[in-house]
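Colleague: Hi! I'd love a close look at a single part of this model: the salt bridges and the places they connect. Could you take me through that, with a little of the surroundings for context?

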Amino acid sequence: MSDPIDIELLGRLVHAERLKRGRLSLRVAAEQAEVPFNTLARVEKGDLPDLANFRRIVHWLGLSPERFFQPPRIRTENTPELIAHHLARDPNLTDAAAEKIAGLVRELYTSFATVERPIRVHLRASATFKPEASRKLSGLLEQMQQKLESMP
């Protein structure tokens, strides 16, 4: 998507809002939003309205206009910011809720997404283990490692 405004999102939200408000017709929704009927119909089909109508529609939706502007480039190498970007665009979240969730993700990511080097263990007492005990210990350590790696 190369448009700076996510017009597809706007169209989906208008349609969802009409359904949410009791399956409003386009005409009634347009009257409530104070925009021409044809404009609202075109927005639902994916056309970009002029700035004045865009503001009225966004106001009718109860959202901030910034929600529909896309950053020029998403930095995919920064996972928490990519998640924050998608949360900010989720029509089910308010701006404050999206930012709170993004903050939690950033904090958790910082805490758990560090690359830890494996710890090598040398069993100095290995000469005293019988082969069976070494195999059991080895199996146990492998199970522990697999469980640790599978933890979310």
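Modeller: Happily! Let's call two residues in contact when they have heavy atoms within 4.5 Å of each other. Of the contacts in this predicted model with a separation of 6 or more, 52% are between residues 24 or more positions apart. The chain has seven helices and zero strands, and 26% of its 152 residues are buried.

Now to your salt bridges, which number seven. Start with Arg-18 and Glu-44, whose side chains meet at 2.5 Å, N to O. This pair links distant parts of the chain, with Arg-18 in helix α1 and Glu-44 in helix α3, 26 residues apart. Arg-18 counts as buried because its relative accessibility is 11%, under the 20% cut-off. Glu-44, at 22%, counts as partly exposed.

Helix α3 also holds Thr-39, which is buried at 8% relative accessibility. Leaving aside residues up to four places away in sequence, Thr-39 touches Pro-49 and Asn-53. The helices α1 and α3 come up again around helix α2: together with α4, they are included in what covers the buried residues of α2. Those buried residues are Leu-26, Ala-29, Ala-30 and Ala-33. Looking down the axis of α2, you find them within an arc of 100°, so they line one face of the helix. Just past the end of α2, Glu-34 has a positive phi of about 60°.

Next, follow the chain to Asp-95 and Arg-67, a salt bridge with its closest N and O atoms 3.2 Å apart. Here Asp-95 sits in helix α6 and Arg-67 in the loop between α4 and α5, 28 residues apart. Arg-67 is buried, with a relative accessible area of 4%, whereas Asp-95 is partly exposed at 41%.

Helix α6 takes part in another pair, Glu-81 with Arg-106, where the closest N and O atoms are 2.7 Å apart. Glu-81 belongs to helix α5 and Arg-106 to helix α6, and 25 residues separate them. Both partners are partly exposed: Glu-81 has a relative accessible area of 34%, and Arg-106 has 24%. Elsewhere, Glu-17, Lys-20 and Arg-21 are joined into one network by salt bridges that share partners.

While you are at α6, have a look at Leu-104, which lies in that helix. Leu-104 is exposed at 52% relative accessibility, and with Leu-108 and Phe-112 it makes a nonpolar surface patch of about 360 Å².

Methods
Residues numbered from 1 in each chain as written. Predicted model: local features only at pLDDT ≥ 70, side-chain atom pairs only at ≥ 80, totals over all residues. Heavy atoms only, no water. Helix = DSSP H or I, 4+ residues; strand = E, 2+ residues; numbered from the N terminus. Buried < 20%, exposed > 50% of the residue type's maximum accessible area, 1.4 Å probe, protein only. Arc of directions from axis to C-beta. Patch = residues over 30% accessible without salt bridge, like charges linked within 9 Å, V, L, I, M, F, W, Y side chains within 5 Å. Areas by Shrake-Rupley, 256 points an atom, 1.4 Å probe, with all protein chains shown as cover. Salt bridge = Lys/Arg side-chain N within 4 Å of Asp/Glu carboxyl O.
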